Amino acid sequence: MALSQAGSTVDQRSAFGNVKPRLTHSRELEMKTTLQELLIYIIFLTDLCILTFGMVSTDMYYLNRVMANLFLETPVSDKDKTIFKTMGSITDFWEFLEGPLLDGLYWNTWYTENSTSSYRNSSHIYYENLLLGVAQIRQLKVRNNTCSVYPSFRAFMRECYGQYSNNHEDRESFGFKNDSAWHYYTSATLAPWHWGLIGLYSTGGFMFTLSKSKDQSLQMVTFLKEHSWITRGTRVVFIDFSMYNANVNLFCIVRLTMEFPATGGVIPSWQFHSVKLLRYVTYYDYFLASCEVIFCLFIFTFLIQEFIKMKKLKGDYFRDAWNWLDMLLLLNMFLAIINDTYSEVKADFSVIPSREFEISDLIKQGYNKALVKLKLKRQAPEAEDVYLKKLDISRDVSRTGDKDLMRRQISTGQYDTVSARDFQRLSRYTEDLERQLKDVNYRLDTIMRTLPPAQYQQ
């Protein structure tokens with residue numbers, strides 16, 4: 001019996017002796033797993049921080065600030081110190097269009113009165129920001145008798161224009177009906193409505209685009225002013241344009257809004273958005289692209305882990321608050337990816353105006369002319385006519401809004417369509433083409449100086 005008790009004691013000791021190593025091994029495994037998870041989350045947090053701060057730069061802030069100072073802080077005239085922010089009447093609106101707006105959009109000369117551009121009909125705002133296309137001005141109106149007048153005052157108030165709403169919007173042509181500025185156009189894009197300070201506005205309206213020439217644009221604005229393009233029914237005017245700065249590889253999208261409330265006066269507001277549409281240019285951009293791929297892999301891995309955990313625990317999975325928090329974090333990650341994609345596509349379409357591809361045509365045409373002068377390429381006399389014909393077709397389509405005409409021209413080859421992807425490719429090589437063109441012009445000038453006068457005249 002004593003032996004049996006001794007054997008029992010030995011077994012218990014051996015049993016207790018085996019338990020301690022098992023507990024130690026379990027703790028080591030738990031610590032190892034915890035450290036692994038901690039390391040993975042540190043890598044994930046580092047990747048997330050790089051993506052968050054890598055998408056923005058101080059250049060975006062300074063570009064927005066420079067553009068805001070140019071268009072918002074410039075007085076309408078030397079005598080009148082009214083600026084865009086302090087605009088309060090229709091008179092101030094027209095003075096802003098004729099003064100600070102046109103002066104800010106058209107930079108065709110250097111401070112020494114020399115030409116700033118080697119290309120025809122192009123403007124570089126502050127000498128560095130290439131204006132893409134031309135500015136577009138659009139207004140929305142409301143119909144007469146869209147508000148209720150007290151019976152005692154109806155004899156004195158025969159016209160009544162209420163606040164803006166989509167149901168009260170006036171879409172009938174007015175004024176000079178042979179001009180596009182006096183016709184209503186519906187928006188063909190799925191752009192969201194604009195939420196102003198006092199109303200929500202649709203994407204259609206009465207619109208016109210400025211010319212490539214400052215003098216022609218001034219004549220157009222003066223004509224609209226003299227013939228009352230802004231009426232009592234006008235409730236909002238939008239001025240939209242965009243530019244590209246090759247030095248910092250940023251697009252700046254500008255919208256200046258002037259709301260005309262039913263109480264009278266003008267309420268100005270503005271939006272300046274600097275975006276990087278050409279994402280992958282430098283080595284750092286490709287490093288950010290690799291971080292984006294790693295971020296997506298993390299999301300995919302976390303999602304699989306949650307599905308496995310959900311399959312094991314089944315109903316008990318939803319009783320734990322930490323599981324709900326994990327699901328919320330994964331949902332936010334998916335929303336971040338969708339929001340980034342949507343913002344990039346939206347900015348991509350916002351930066352493409354109605355005549356966005358004339359800039360690349362001008363660069364190519366200037367480069368070809370330089371090659372012809374150097375006798376490196378044969379002259380094509382019909383190139384200029386084809387280009388001008390293309391511009392005339394584009395203007396006719398923009399004036400008439402005839403979609404059938406555009407389809408016929410596309411089918412016959414008279415109108416060339418270019419996709420947004422092609423525009424991005426052209427934008428990537430714009431800076432390289434500019435360097436090549438300047439180099440060719442410099443060589444051409446050098447050759448011309450070495451030629452005798454008689455040979456130069458020939």
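Let me begin with the pairing of strand S8 and strand S9. In this predicted model, strand S9 covers residues 267-275 and runs antiparallel to S8, with 9 bridges joining the two. One of the pairs at this boundary is Glu259 with Ile267, the latter lying in S9.

Strand S8 also has a partner in strand S7, residues 234-245. These two strands are likewise antiparallel, and 10 bridges join them. Within that pairing, Val237 stands opposite Met258 of S8. S7 and S8 form a hairpin with 4 residues between the strands, and there Asn249 adopts a positive phi near 55°.

How many of the 10 residues of strand S8 are buried? The number is 9, so the strand, which spans residues 250-259, is largely enclosed by the rest of the structure.

I turn now to the nonpolar cores. In soluble globular proteins, nonpolar side chains tend to be buried together. The largest nonpolar core here comprises 52 residues, and Leu105, Trp229, Phe241 and Leu256 have the most contacts inside it. Several elements each supply at least two residues of this core, among them helix H2 (58-72), helix H3 (90-105), strand S2 (129-141) and helix H4 (214-226), together with S7 and S8.

Trp229 deserves a word of its own. Setting aside residues up to four places away in sequence, Trp229 touches a set of residues including Trp94, Ile137, Arg138, Phe174, Trp182, Phe206, Leu224 and Thr234.

Apart from the largest core lies another, of 9 residues, which include Phe44, Leu51, Ile299 and Met333.

Phe44 leads us to Phe298, a residue of helix H5, which extends over residues 283-313. Is Phe298 buried or exposed? Phe298 is buried, because its relative accessible area of 13% falls under the 20% limit. Although Phe298 and Phe44 are 254 residues apart along the chain, their C-alpha atoms are separated by 7.2 Å. Phe298 touches Phe44, and also Ile40 and Ile43, with residues up to four places away in sequence not counted.

My final residue is Asp47, found in helix H1, residues 2-54. Asp47 is buried as well, with a relative accessible area of 5%. Which residues are in contact with Asp47, leaving aside its neighbours within four places in sequence? They are Cys291, Ile294 and Phe295.

To close, I return to strand S8: S8 is joined to S7 by 10 bridges and to S9 by 9, and 9 of its 10 residues are buried.

Methods:
Residues numbered from 1 in each chain as written. Predicted model: local features only at pLDDT ≥ 70, side-chain atom pairs only at ≥ 80, totals over all residues. Heavy atoms only, no water. Buried < 20%, exposed > 50% of the residue type's maximum accessible area, 1.4 Å probe, protein only. Pairing = 2+ DSSP bridges. Contact = heavy atoms within 4.5 Å. Core = buried A, V, L, I, M, F, W, Y, C linked by side-chain atoms within 4.5 Å.
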